[in-house]
Amino acid sequence: MKGFAGASVLEIISDYRGDTWRAVYTIRFREAVYVLHVFQKKSKRGIATPKQEIDVINRRLAEAERLHRERQN
């Protein structure tokens with residue numbers, strides 16, 4: 001997955017009964033894996049992830065980073 005500036009954001013893509021599902025997670029932290037978002041890919045315009053889904057992932061990544069910092073203190 002592109003656009004996350006080296007934040008180690010990865011995705012798993014799975015097809016099930018004609019639908020495509022994506023799970024997005026980060027492995028940036030040694031002690032934890034944070035699942036950032038899981039959604040059904042509905043766009044018929046290629047493989048690009050819709051902006052609204054990217055926005056959710058960005059917000060949740062920021063929250064995961066905040067939670068991780070708090071747990072380190």
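## A tour from F29 to the hairpin

Start by selecting F29: its relative accessibility is 11%, so this residue counts as buried. Keep in mind as you go that the model is predicted.

**Stop 1: the ring beside F29.** Leave F29 displayed and add Y34. The structure holds 1 aromatic pair. F29 and Y34 form that pair, in an edge-to-face arrangement with 5.3 Å from centre to centre and 80° between the planes. Turn the view until you can see one ring plane edge-on, and the angle should be easy to check. Is Y34 buried or exposed? Y34 counts as buried, because its relative accessibility is 12%, under the 20% cut-off.

**Stop 2: a histidine on the helix.** Next, show helix α1, which spans residues 51–72, and pick out H68 within it. Which residues does H68 touch, leaving aside its neighbours within four places in sequence? H68 is in contact with F29, E31 and Y34, so both members of the aromatic pair appear in that list. H68 has 11% relative accessibility and therefore counts as buried.

**Stop 3: the hairpin.** Now move to residues 9–16, strand β1, and residues 19–26, strand β2. The two strands run antiparallel, and 8 bridges join them. Together β1 and β2 make a hairpin, with 2 residues between the strands. Zoom in on Y16 to find its bridge partner in β2, D19. Finish by selecting R17 in the turn, where phi is positive, at about 50°.

How values were computed: Residues numbered from 1 in each chain as written. Predicted model: local features only at pLDDT ≥ 70, side-chain atom pairs only at ≥ 80, totals over all residues. Heavy atoms only, no water. Pairing = 2+ DSSP bridges. Helix = DSSP H or I, 4+ residues; strand = E, 2+ residues; numbered from the N terminus. Phe/Tyr/Trp six-rings, centres within 6.5 Å; stacked < 30°, edge-to-face > 60°. Buried < 20%, exposed > 50% of the residue type's maximum accessible area, 1.4 Å probe, protein only. Contact = heavy atoms within 4.5 Å.
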